[in-house]
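Colleague: I have not looked at this one before, so could you walk me through it while I ask questions as they come up?

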Amino acid sequence: MNGEAHTTGPDISASAPSPVTVDLLLSVNRDRHPTTVDTRETLLDTLRERLGLTGAKKGCDHGQCGACTVLVDGRRVKSCLTLTVTLDDREIVTVEGLAGEDGPHPLQTAFVEHDAFQCGYCTPGQLCSAVGMLAEAAAGWPSAVTPDVGGGTSPDEGTPSGGDVPPGDGIRLDDDEIRERMSGNLCRCGAYVNIVAAITEVAR
Amino acid sequence: MSTTTTPPTTLPAREATPYVGSALDRVEGLEKVTGQARYAFEYSPDDLAYAVPVQATVARGKIRTVDVDAAVKLPGVIAAIWHGNAPRLAPPENAELAVLQSREVAYRGQYVAVVVAETLENAREAARLLRVDYQVEEHDVELRADHPEMYRPERVNPAYPADTEQGEPDAALAEAQVVVDEIYSTPAEHNNPMEPHATVAVWDGDGLTLYDSTQGASSVRDTVAPLFGLPPGNVRVVSPHVGGGFGSKGMPLSPVVLAALAAKHAGRPVKLAVTRQQMFAVTGYRTPTIQRVRLGADTEGRLSVIVHDAFEQSSRIREFAEQTATPTRMMYAAPNRRTTHRLVRLDVPTPSWMRAPGETPGMFALESALDELAVACGVDPVELRVRNEPDADPESGLPFSSRNLVACLREGARRFGWAERDPAPGIRRRDGLLVGTGVAASTYPVYRVPSRATARAEWDGTFSVRIAATDIGTGARTVLTQIAADTLRASPERISVEIGDSALPDASVAGGSMGTASWGTAVVRACEALTEELDRRGGEVPEEGLEVSADTAREVGAKRRFAQHAFGAQFAEVGVDPDTGETRVLRLLGVFAAGRIVNPKTARSQFIGGMTMGLSMALFEESVMDREFGDYLNHDFAQYHIAACADVRDVEAVWIEEDDPHLNPMGAKGIGEIGIVGTAAAVANAVYHATGVRVRDLPIRLDRLVR
Ligand code: FES
Ligand code: FES
């Protein structure tokens, strides 16, 4: 390749189109926000750059780290992989919305007590993920390490799907279950041991 | 002003419990779990615009043309900046910082342009449309120990001699009864803090404010100001919360300069975040190493000679020479010793600090070699290390101010159940896995540098302590609060410690495991001076408050009469699937001797965090150089794997009491880095014990175990 020319960037001669925007009603942490968004905009960028809710973090923008995890209709999603335009009238909860009237969410308290973070950058994602995960386990959704995957309810129906786990029975969250279910949330500070301890305390 | 009331006396009775040594929760804990803690990119001054950089797509060459036409025609695009129109910077000491100043490309991924637009989406699209035309030159990106351009650097990081020699190592090797002579290698590894490097740059006339994700606000100010021809006082760097750094935010690099430059050119406040992918080129990494270790010993395992030769790389534009072999200079007794460092400059991104630079790869090699010697001599690896314990620093002859490696090894062996260990490799099976155990030593030097602090008493009985320290997750804000509490004899609730702002008194960088030692000394001196002043005034605080400051330059600059290092012993148990080669770390135990532990809760987290990163290094981390394109191939978390929750099972860290009066007022050694140092060797040694396969090249991949 020595001496060769090498050009990067697409060959675009026509002028690029204007961004497309859409009006929608976003419900975040029980507040309603009438919002106009660029159709290319992710929920993560809408929250952080438009609504000033910077609790959800951007660690990779590619769905690989979990720092951006929030709850949509009670389920954990990676907000960097979710286009805001798809969320009209859905209930979004971020780390800023986890605390109740009477103080922090038990997981938030447990994270502080167990020192389940260092830099704190993965923490909002870990917390939202843990809230979603506890609900999944309570609903009996199995994970890759659940020994009997016959029982419980299927994610979308919320009804029993057979097997020998009675309807409504949750899955007992031992360390292996928690570790498996929390593995979508990376922590470079290496707080996993304490994260598992904090979640265990709340799961009991 | 006349006062009608008598100010309250603020000097309380001496607190019964000292706060240093107690397990205080992180003072900013609640802010971090509620999403209120603000990180650099989360500052949004008015009139903000977004900057998205463009990276070079060749590893070596010259930019011929930059076509910005399509980019600037996009709606909402404010500016496209490249070397042809960028503001001129004063030539920096670190050539990495001469961003957009020439047409030269030194490595693939180097920043060559930046686009500024009203929204992130538009900036990103415009950056994609920018066309850059290069004159390509042939690149050389491959580290080889026999590379003809290998040279001896003047010094290795931070200021050690490149080579040292004692006695007659070659003759001693020829005479030794048992010789281990092996080559070890460690790959390039990327720091990957969870928060990507980010800056919000705001100009106000010739004043510049940078909200920056950095490990050192004072140092960013001092580095950036002269580039723009400004006195340091015109630049303010704010970084109250930083999402990890592990060395990669230790020195200002191109992104912060690019943000300031883009804001200046655009005439608008600008936000710039490095993407995860870009971090693999522009924010430093751990150099790959090739290391030859030769040990000569008698049949009892007593070392007569150690030779450690390290080969590593740096970029064309900056020499970063890592101190890979320096731990070999002080770990074990041996009358004959040689350590060397050789460096080659390639068309690669510039390596930099990554958690315990030098010690981490160097101790992987040395501690693996010790394990091989233990096997060769039939001596227990714990016993082998004890046998080679030196009485004083082997090179300088200085006494150690404290050295408790043996105590760590013994305590760890006891807790881990080492006594029952059968040394024969590859014979134990549990649940279908081959299991084994391994041990390795850890060490990290004690550094301390000057810092300043102010302490202030308020009329209402509260105190504030100010220092431009940084909390990158270490717990600095918390331990400085504890240190101040003890010196002021006040409870922590009455003390606010302000850090993370260059407008505060100058402080050293959060690196080298020296934060607590350096900043803590300044905080103690300031608080002592304040307490004295208060005592002198009978405890009365004037209505406008009372403030004193301290500078530790003279105290810290005094010549050392001791060799000072922290030590540790790490024990690992692994299970290896005999069919797939999949390795799981079942148990990790670290026992450390690091002086006084200021906060057992945050210290344990830091030790375990370091060990977790060491586990990750042992099994997963590897940045693969693409020789064809001259760049790291796996530049995201999908391909550069770091340990996830399921990889980290039973990890525990403990420490032994160590009372060392020669360190600093806190009696503390640093703890941020030692946790990672011995882990990879302990895991590799355990893998040998489990399988009989000696893995000398990290990471311990499946294909290195299944033959
Ligand atoms: S930022 Fe969404 S997964 Fe990493
Ligand atoms: S606490 Fe720093 S990344 Fe998890």
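Colleague: Which element of chain B gives the most to the lining of the second largest pocket?

Modeller: Bearing in mind that this is a predicted model, that element is strand 1 of chain B, which contributes 5 residues to the lining of the second largest pocket. Helix 3 (120-129), strand 14 (270-273) and helix 7 (279-282) of chain B, like strand 1 (49-55), each supply at least two residues of that lining.

Colleague: And which residues lie nearest the centre of that second largest pocket?

Modeller: Of the 41 residues that line the second largest pocket, the ones nearest its centre are Val52(B), Pro53(B), Arg124(B), Thr275(B) and Gln278(B). The space in this pocket comes to about 910 Å³, and its lining divides into 19 nonpolar, 11 polar and 11 charged residues.

Colleague: Changing topic, how many residues does the contact take from each of the two chains, B and A?

Modeller: Chain B brings 77 residues to the contact and chain A brings 62 residues. Between them the two chains bury about 5700 Å², with 56% of it on carbon and sulfur atoms. Within the area that chain B buries against chain A, Val33(B), Met194(B) and Cys645(B) supply 13%, more than any other three residues.

Colleague: What about charges, how many salt bridges does the rule find across the interface of chain B and chain A?

Modeller: The rule finds 7 salt bridges across that interface. In one salt bridge the side chain of Lys271(B) meets that of Glu49(A), at 2.5 Å from N to O. As for polar contacts between chain B and chain A, the count is 26 residue pairs, with both residues at pLDDT 80 or more.

Colleague: Which elements give two or more residues to the side of chain B that touches chain A?

Modeller: Those are helix 1 (29-33), helix 3, strand 6 (131-136) and helix 14 (600-619) of chain B. Helix 14 of chain B has the largest share of that side, with 10 residues. Sorted by class, the side of chain B that touches chain A has 35 nonpolar, 20 polar and 22 charged residues.

Colleague: Now the enclosed spaces, how many cavities of 30 Å³ or more does a search of the whole structure find?

Modeller: The search finds 5 cavities of that volume or more. The largest cavity holds about 100 Å³ of space, and among its 14 lining residues His197(B), Asp212(B), Ser213(B), Leu253(B) and Val256(B) lie nearest its centre. Strand 11 (198-204) and helix 6 (254-266) of chain B each supply at least two residues of that lining, which by class has 7 nonpolar, 5 polar and 2 charged residues.

Colleague: And what volume does the second largest cavity have?

Modeller: The second largest cavity has a volume of about 70 Å³. Its lining includes Glu96(B), Tyr107(B), Leu253(B), Arg318(B) and Thr350(B), and the lining residues divide into 6 nonpolar, 4 polar and 2 charged.

Colleague: Last thing, the backbone: which residues does a cis peptide bond join, with omega about -10 degrees?

Modeller: That cis bond joins Asn157(B) and Pro158(B), and Pro158(B) sits in the loop between strand 7 (155-156) and strand 8 (160-161) of chain B. The peptide bond from Leu698(B) to Pro699(B) is also cis, with omega near -5 degrees, and Pro699(B) is placed in the loop between helix 16 (679-691) and helix 17 (702-705) of chain B.

Terms used. Residues numbered from 1 in each chain as written. Chains lettered and ligands numbered in written order. Heavy atoms only, no water. 1 Å grid on protein atoms, 1.4 Å probe; cavity = no way out; pocket = protein on both sides within 12 Å on 5 of 7 lines; lining within 4 Å. Points joined across faces, edges and corners; volume = space filled by probe spheres on them. Helix = DSSP H or I, 4+ residues; strand = E, 2+ residues; numbered from the N terminus. Nonpolar A, V, L, I, M, F, W, Y, C, P; charged D, E, K, R; others polar. Contact = heavy atoms within 4.5 Å. Buried area = accessible area lost by both parts, 1.4 Å probe. Salt bridge = Lys/Arg side-chain N within 4 Å of Asp/Glu carboxyl O. Polar contact = N/O pair within 3.5 Å; in protein donor to acceptor, adjacent residues only side chain to side chain.
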